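Here are my notes on the model you sent over. Have the structure open while you read, since the points go residue by residue.

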Amino acid sequence: MKLQYLLSSLKGDAALQFEHVPLDDKSYAPTWQALLNRYDDDKLLKREYFKALVQLEPMNAATAVELTRIVNETRRLVQGMERLEEPTKHWNTPLTILVMYKLEKNTLMAWEQFSAEQSNDSYDKLLEFCEKRIRILNSTALHQTNVIETRAATRSTYQRGRFTSQEQQMAKGRDSIRRYIEAPT
């Protein structure tokens, strides 16, 4: 039933207002109209989108996850304003600066170097730059986190046809060092 789905999606004050609406077909239209009358305010929605963009938490670290959060949330908020016919296509400088305030210093420095020869700020170019930076951060994070510590195999390991455990190899290494240090000169 449409009304039941509508009522289940309401939260807070909106849910309380319609707490005792009868769940029948004739209640849907007046409930929907009451919601529109109270909450369908484009001016207020635009303000809320912009406020959320201004209050977006800056990056906590120079990671792909953090930069992705900034890019995705910025896009979502700007698209919300565009859907409400806010002329964000003409907001290159304000949007670029708002996003720049959210970047950590290494990403900001890289953006400034990238855009140094451009005569104007470009929100779209900044987002393109951020997307490339996300790919680079993801790629370098893979190389840093998947490092496998290896040791060279000794001749005796190959001669026996098997590898010993890491602990045995480390013990042999300590023994070799002790023999070297304790050997008479």
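The points below cover the cores, one buried threonine, the aromatic rings and a charge over a ring.

1. First, a reminder that this is a predicted model. Please read everything below in that light.

2. Start with the largest nonpolar core, which has 27 residues. If you want to find its middle on screen, pick Leu53, Leu67, Leu126 and Cys130, the residues with the most contacts inside this core. Helices H4 (42-54), H5 (64-83), H6 (92-100), H7 (105-115) and H8 (123-145) each put at least two residues into it. Another core lies apart from this one; it has 7 residues, including Leu7, Ala14, Phe18 and Leu35. As background, nonpolar side chains in soluble globular proteins tend to be buried together.

3. Leu67 is worth a click of its own. What does Leu67 contact once its neighbours within four places in sequence are left aside? The list is Met59, Leu103, Thr107, Cys130, Arg133, Ile134 and Leu137. Cys130 also appears beside Leu67 among the residues with the most contacts inside the largest core.

4. Now for Thr74, which sits in helix H5. Is Thr74 buried or exposed? Its relative accessibility is 1%, so Thr74 counts as buried, the cut-off being under 20%. Setting aside neighbours within four places in sequence, Thr74 touches Leu53, Leu56, Val99 and Tyr123.

5. On to the aromatics, where the count comes to 4 pairs. One of them is Trp111 with Phe114, a tilted pair with centres 5.7 Å apart and 35° between the planes. Both residues belong to helix H7, 3 residues apart, or about one turn of the helix. How do the two compare in accessibility? Trp111 counts as buried because its relative accessibility is 1%, whereas Phe114, with a relative accessible area of 42%, is partly exposed.

6. Phe114 has a second partner, Phe129: the ring centres are 5.5 Å apart and the planes lie at 35°, so this pair is tilted. This pair links distant parts of the chain, with Phe114 in helix H7 and Phe129 in helix H8, 15 residues apart. Phe129 counts as buried because its relative accessibility is 9%. Ring pairs thus join Trp111, Phe114 and Phe129 into a cluster.

7. Last, have a look at Lys2. Which ring does the charged end of Lys2 sit over? That would be the ring of Tyr28, with the charged end 4.5 Å from the ring centre.

Technical notes
Residues numbered from 1 in each chain as written. Predicted model: local features only at pLDDT ≥ 70, side-chain atom pairs only at ≥ 80, totals over all residues. Heavy atoms only, no water. Core = buried A, V, L, I, M, F, W, Y, C linked by side-chain atoms within 4.5 Å. Buried < 20%, exposed > 50% of the residue type's maximum accessible area, 1.4 Å probe, protein only. Helix = DSSP H or I, 4+ residues; strand = E, 2+ residues; numbered from the N terminus. Contact = heavy atoms within 4.5 Å. Phe/Tyr/Trp six-rings, centres within 6.5 Å; stacked < 30°, edge-to-face > 60°. Lys NZ or Arg CZ within 6 Å of the ring centre and 35° of its normal.
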